Amino acid sequence: MPKPRVLFLDAVGTLFSVKGSVGEVYSQIASEFGVHISSSALNQAFSQSFKAAPSPTFPDAEVHDVPDLEYKWWFAVVRETFNKAGALHKFTDFDTFFGELYIHFGTAQPWFVYPDVIPALKNWRTKGIELGIISNFDSRIFSVLRALELQDYFDSITISTQVGAAKPEAKIFGVALAKHNCPAEEAWHVGDSKNDDYYGAKAVGMRGVLITRPSEQKVLVGAN
């Protein structure tokens with residue numbers, strides 16, 4: 001099989017993921033503000049709140065307004081998470097708590113890099129394959145990639161909040177391909193979501209590669 005000219009990768013769930021769970025991180029930081037609630041309750045509430053939230057794409061926003069819009073979007077999701085979990089009323093200063101939480105997820109602390117990622121990235125770079133990220137993450141991805149020492153492996157980073165469209169929409173793939181001046185048929189996209197990554201990529205003519213990470217022993221496919 002011929003190697004791709006450009007290999008795009010998803011970020012969360014493909015390159016790195018949350019240590020433990022979102023609920024565990026929320027619970028830990030909430031406890032520092034005197035609010036004690038189980039991680040399982042927060043995980044369930046977060047899943048419901050995240051799915052019910054509108055898409056954070058901001059198609060009509062100016063670039064300089066995007067970070068503030070991202071912050072407000074996540075504030076609403078997290079506030080509803082604690083509301084659903086029955087713990088919102090326990091905070092004396094939810095705004096300050098959320099500010100700490102938001103900053104925390106822009107650092108390396110809550111994340112871990114899958115053990116196969118660095119060897120795979122080095123292998124692909126050695127083969128002369130251009131690498132890019134296509135992600136529905138927000139602007140914090142840049143600080144997270146720097147903190148996890150991943151940023152230098154990538155020639156481009158394309159995120160939904162800046163493009164105004166999220167995977168599996170064709171627009172975000174098109175923007176990423178244009179950064180490399182690469183036709184879709186010469187590019188691959190690797191990700192952990194069948195709908196967003198695999199089918200999204202195939203719909204625009206790219207080769208979609210689905211990666212399954214069902215446990216801590218997770219393996220990233222190679223482009224040989």
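**Exercise 1. State how many helices and strands the protein chain has, and decide whether the chain is as compact as a globular protein of that length.**

Solution. The protein chain has 9 helices and 7 strands; these are DSSP runs numbered from the N terminus (helices H or I, at least four residues; strands E, at least two). The radius of gyration, taken over C-alpha atoms, is 18 Å. The globule rule (2.2 Å times the number of residues to the power 0.38) gives 17 Å for 224 residues. The two values are close, so the chain is as compact as a globular protein of that length.

This is a predicted model, in which local features need pLDDT of at least 70. Residues are numbered from 1 along each chain as its sequence is written.

**Exercise 2. Find where pLDDT stays under 50.**

Solution. pLDDT is the predictor's confidence in each residue, from 0 to 100. Its mean over the protein chain is 94, and 95% of the residues reach 70 or more. It stays under 50 over residues 216–224. Where pLDDT is low, the predicted coordinates should not be read in detail.

**Exercise 3. Phenylalanine 58 and asparagine 181 each have phi near 50°: is each residue buried or exposed?**

Solution. Buried means under 20% relative accessible area, exposed over 50%, partly exposed in between (1.4 Å probe, protein chains only). Phenylalanine 58 lies in the loop between helix 2 (39–52) and helix 3 (66–84). Its relative accessible area is 17%, so phenylalanine 58 is buried. Asparagine 181 sits in the loop between helix 8 and strand 6 (187–191). Its relative accessible area is 66%, so asparagine 181 is exposed.

Key. Predicted model: local features only at pLDDT ≥ 70, side-chain atom pairs only at ≥ 80, totals over all residues. Heavy atoms only, no water. Contact = heavy atoms within 4.5 Å.
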